Amino acid sequence: MTNQIVLITGALTGIGRATATAFARDGASLVVSGRRDDEGQRLVTELRALGVEAEFVRADVRHESEVQNLVDKTVARFGRLDVAVNNAGTEGKPGPVTEQTAESFAAAFDTNVLGVLLSMKHELRVMQAQGAGSIVNLSSSMGHRGAPNASLYTASKHAVEGLTKSAALEAAAFGVRVNAVAPGPVETAMLDRFTGSAERKAGLVAGVPLKRAGRPEEIADAIVFASSAKASFITGQIIDVNGGKTAA
């Protein structure tokens with residue numbers, strides 16, 4: 001059991017929701033965030049039923065004032081911030097490079113990259129003053145390789161990995177660790193939207209050596225580990241959790 005204070009963005013569905021549940025089962029107190037009030041309150045009710053303290057704070061990570069408010073409310077409620085999981089993200093607009101626009105670029109990068117940057121800015125503001133803390137960003141197996149018809153998502157996750165490594169080097173002097181977890185295909189609504197059909201989804205999953213998509217709970221377990229004292233000498237790393245997809 002742990003007494004960690006954990007903040008999770010994009011916590012209302014998929015990997016974020018599974019991560020909140022995993023931390024709660026480990027005894028952490030949580031602040032979960034997203035853009036839908038009703039869903040946020042339902043999640044808080046579920047987490048409290050597991051015997052932990054939990055709060056929902058509505059925030060859109062594209063807007064700095066909302067991110068700052070999220071972090072400040074976490075500290076006001078619990079007195080510190082031990083772990084931050086920057087999970088909020090979007091799959092962007094699938095399709096070839098020739099069909100992308102400035103608007104589709106902004107839609108992907110404002111959430112996936114700017115959102116991570118702003119989140120880390122304010123999380124590190126607190127953690128550096130504490131002299132301790134752990135940040136886990138969400139990347140993807142596409143964050144360190146190419147993928148046809150997914151240029152914006154791929155590019156945004158490459159940027160997340162660069163931000164993660166740079167922030168880790170800056171934060172190390174303050175005793176703060178920064179890592180990223182990079183899932184392969186995972187059974188989520190985002191994967192269904194991204195692939196667009198059962199046939200395309202099956203084709204993507206067929207490229208996984210373990211011949212299946214991951215479960216959100218498997219990614220959550222990796223995030224909890226990366227945030228824990230068991231990973232105390234791990235920082236600046238991209239932790240692949242993808243069924244062997246990037247082994248070759």
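**Exercise 1.** Find the bridge partner of valine 136 in strand 6.

*Solution.* Valine 136 is partnered by asparagine 179 of strand 6. The model is predicted, so local features need pLDDT of at least 70 and side-chain atom pairs count only at pLDDT 80 or more, while totals for chains, interfaces and linings use all residues. Residues are numbered from 1 along each chain as its sequence is written, and side-chain values use heavy atoms, with hydrogens and water left out. Next, place the pair in its strands: strand 5 covers residues 133–138 and strand 6 covers residues 176–183, and the two pair in the parallel sense over six bridges. Strands (E, at least two residues) and helices (H or I, at least four) are DSSP runs, numbered from the N terminus. Two strands count as paired if DSSP finds at least two bridges between them.

**Exercise 2.** Give the strand order of the open sheet, then state which helices pack on the sheet.

*Solution.* Step one is the order: seven strands run 3-2-1-4-5-6-7, with parallel pairing. Step two is the edges, where strand 3 (54–58) and strand 7 (238–241) each pair on one side only. Step three is the turn between neighbouring strands, 20° on average with direction ignored. Step four is helix 2 (residues 37–49), which packs on the sheet and touches strand 2 and strand 3; its direction makes about 170° with that of strand 3. Helix 4 (residues 102–130) also packs on the sheet, touching strand 1 (5–9), strand 4 (83–86), strand 5 and strand 6. The direction of helix 4 makes about 170° with that of strand 5. For these angles, axes are lines fitted to C-alpha atoms, for helices over the stretch in contact, and the values run from 0 to 180 degrees between N-to-C directions. Contact means heavy atoms within 4.5 Å.

**Exercise 3.** Decide whether serine 29 is buried or exposed, and list its contacts.

*Solution.* Serine 29 belongs to strand 2 (residues 29–34). Its relative accessible area is 12%, so serine 29 is buried. The cut-offs are under 20% relative accessible area for buried and over 50% for exposed, with partly exposed in between (1.4 Å probe, protein chains only). Leaving out residues up to four places away in sequence, serine 29 touches Gln4, Ile5, Val6, Glu53 and Phe78.

**Exercise 4.** Count the salt bridges, and explain what the pair of arginine 77 and glutamate 53 ties together.

*Solution.* A salt bridge is a side-chain nitrogen of Lys or Arg within 4 Å of a carboxyl oxygen of Asp or Glu. By this rule the count is 16. The side chains of arginine 77 and glutamate 53 form one, at 2.6 Å from N to O. Arginine 77 sits in helix 3 (residues 64–78) and glutamate 53 in the loop between helix 2 and strand 3, so the pair ties together parts that are 24 residues apart in sequence. Arginine 77 is partly exposed at 36% relative accessibility, and glutamate 53 is partly exposed at 41%.

A second pair joins arginine 62 and aspartate 60, with 2.6 Å from N to O. Here arginine 62 is partly exposed at 32%, whereas aspartate 60 is buried at 8%.

There is also a network of salt bridges that links Arg17, Glu39, Arg42 and Glu46. Arginine 17 is part of helix 1 and is buried at 18% relative accessibility. Its contacts include Glu39, Leu43 and Glu46.

**Exercise 5.** Identify the residues that touch the most other members of the largest nonpolar core.

*Solution.* A nonpolar core is a set of buried Ala, Val, Leu, Ile, Met, Phe, Trp, Tyr and Cys residues joined through side-chain atoms within 4.5 Å. The largest has 31 residues, and Ile8, Phe23, Leu30, Val32, Leu47 and Ile223 touch the most other members. At least two residues each come from a set of elements including helix 1 (14–25), strand 2 and helix 8 (216–227). Another core lies apart, with 22 residues, among them Val57, Val126, Ile135 and Val176.

**Exercise 6.** State where asparagine 149 and lysine 211 lie, and give their phi values.

*Solution.* Most residues other than glycine have a negative phi. Asparagine 149, in the loop between strand 5 and helix 5 (151–171), has a positive phi of about 65°. Lysine 211, in the loop between helix 7 (198–206) and helix 8, has a positive phi near 60°. Asparagine 149 is partly exposed at 43%, and lysine 211 is exposed at 59%.
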